Amino acid sequence: MSLIPSPLAAALAGTGLACFAIGATRRPDPGLKLSGLAVIAFALAPVPAHADQFVDAADNATIDCELARGELTRIALIDDGFANVSKIASGFPYNDFQVTHEPVRGDIYISVPPQFAAARVSFFATSKAGYVYKFACRLGGQEATQLFITNPALAKAKATKWEAETGPEDAAIRLIEAMASDAVLPGFTARAEISAPRRTGGIEVQLVAEYQGDELTGQRFLIRNLGKESLALAEEREAPAGALAFAYGRESLAPGEATSAFLVFAKGGLK
């Protein structure tokens, strides 16, 4: 039996995602009032500028960051490491910054002397994976800080490798298992994709999450039975055209119950 002509398929199509879901009065106390104002003022105080920094950057990107003056700044590439740093030497040690490469993790440490004249520091760096970044950083406070850089291309490469090694059919099944257990496969990104619930008859369907790999995309839906009769999900097993895999969290839904449904399709969407 196909879900395409059913109320459930109509509700899924209404999500705009092509389609188908699967599987007493007291006297005022001035002291208390002042204390409350002090707490509010403390809560609204600005956050120190030396907090850790997190940046997403692609190959050849310019990274705007903040370095500590008179202290160390650690710069780390997530799932990568620095291979080389290129900078211009000023010729004056008191007016130059130093770069130290830590070979075990591949991080670099930037040291800027307190008397450094310029307000900004710039240099180029090449990663072990072959990506090049330009750093254009302003100088900030005198407390050690950290900068963490993520390149989305690294995750995509992991997803490509995992999908190729696993094979399309097994990868689709593994993706459904991962979505069902709130896990994330190698190289995949998962994000909440809360859509407005769509209702057709007694069935309500809502997209709640999307998992994106290289060639595969997984979507997780929430299905609610708002009708007065049980919904036999186990009888509806025919997948829509273009779907690689789909599954329901339960075989049937009694009135008022809800379950998850999972859909996996290749890049380009369903047919």
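Start by selecting Arg 220 and Met 179: the Arg 220 side chain comes within 2.9 Å of the backbone oxygen of Met 179. That is a polar contact (a pair of N or O atoms within 3.5 Å; within protein, one must be able to donate a hydrogen and the other to accept it, and residues adjacent in sequence count only if both atoms are side-chain atoms).

Before you go on, a word about what is on your screen. This is a predicted model, in which local features need pLDDT of at least 70 and side-chain atom pairs count only at pLDDT 80 or more, while totals for chains, interfaces and linings use all residues. Residues are numbered from 1 along each chain as its sequence is written, and side-chain values use heavy atoms, with hydrogens and water left out.

**Stop 1: around Arg 220**

Keep Arg 220 selected and colour by secondary structure: this residue belongs to strand E13. Helices (H or I, at least four residues) and strands (E, at least two) are DSSP runs, numbered from the N terminus. Is Arg 220 buried or exposed? With 17% relative accessibility, Arg 220 counts as buried. Here buried means under 20% relative accessible area, exposed over 50%, and partly exposed in between (1.4 Å probe, protein chains only).

Now show what surrounds Arg 220. Leaving out residues up to four places away in sequence, its contacts include Asp 182, Gln 206, Val 208, Ser 260 and Phe 262. Contact means heavy atoms within 4.5 Å.

**Stop 2: the whole chain**

Zoom out for a moment. You should find 4 helices and 17 strands in the protein chain. Of its 271 residues, 38% are buried. Switch on the surface if you like: the accessible surface is about 15,100 Å², and carbon and sulfur atoms account for 56% of that. These areas come from the Shrake-Rupley method with a 1.4 Å probe; for residues, only the protein chains shown count as cover.

**Stop 3: salt bridges**

How many salt bridges does the structure hold? There are 13, each being a side-chain nitrogen of Lys or Arg within 4 Å of a carboxyl oxygen of Asp or Glu.

Select Asp 64 and Arg 138, whose closest N and O atoms are 3.0 Å apart in a salt bridge. This pair links distant parts of the chain, with Asp 64 in strand E2 (residues 62-67) and Arg 138 in strand E8 (residues 132-139), 74 residues apart. Arg 138 is partly exposed, at 35% relative accessibility.

Next, select Glu 210 and Arg 191, a salt bridge with its closest N and O atoms 3.2 Å apart. Glu 210 is in strand E12 (residues 203-212) and Arg 191 in strand E10 (residues 189-192), so the bridge ties together parts that are 19 residues apart in sequence. The partners differ in cover: Glu 210 is buried at 11% relative accessibility, whereas Arg 191 is partly exposed at 42%.

For one more bridge, select Glu 215 and Lys 267, where the closest N and O atoms are 3.8 Å apart. Because Glu 215 lies in the loop between E12 and strand E13 (216-225) and Lys 267 in the segment after strand E17 (258-266), the pair ties together parts that are 52 residues apart in sequence. Glu 215 is partly exposed, at 41% relative accessibility. Then add Glu 66 and Arg 120 to your selection along with Asp 64 and Arg 138: salt bridges with shared partners join these residues into one network.

**Stop 4: aromatic rings**

Hide the charged residues and look for rings. Rings of Phe, Tyr and Trp (its six-membered ring) pair if their centres lie within 6.5 Å; planes under 30 degrees apart count as stacked, over 60 as edge-to-face and the rest as tilted. By this rule there are 7 aromatic pairs. Select Phe 97 and Phe 116, an edge-to-face pair with centres 6.4 Å apart and 75° between the planes. Phe 97 is buried, with a relative accessible area of 5%, and Phe 116 is buried at 9%.

Widen the selection to Phe 82, Phe 97, Phe 116, Phe 123 and Phe 135, which ring pairs link into a cluster. Phe 82 lies in strand E4 and is buried, with a relative accessible area of 1%. Outside its neighbours within four places in sequence, Phe 82 has contacts with, among them, Ile 75, His 101, Ile 108, Ala 125 and Phe 135.

Finish with Lys 87, whose charged end sits over the ring of Phe 97, 4.5 Å from the ring centre. A charge sits over a ring if NZ of Lys or CZ of Arg is within 6 Å of the ring centre and within 35 degrees of the ring normal.
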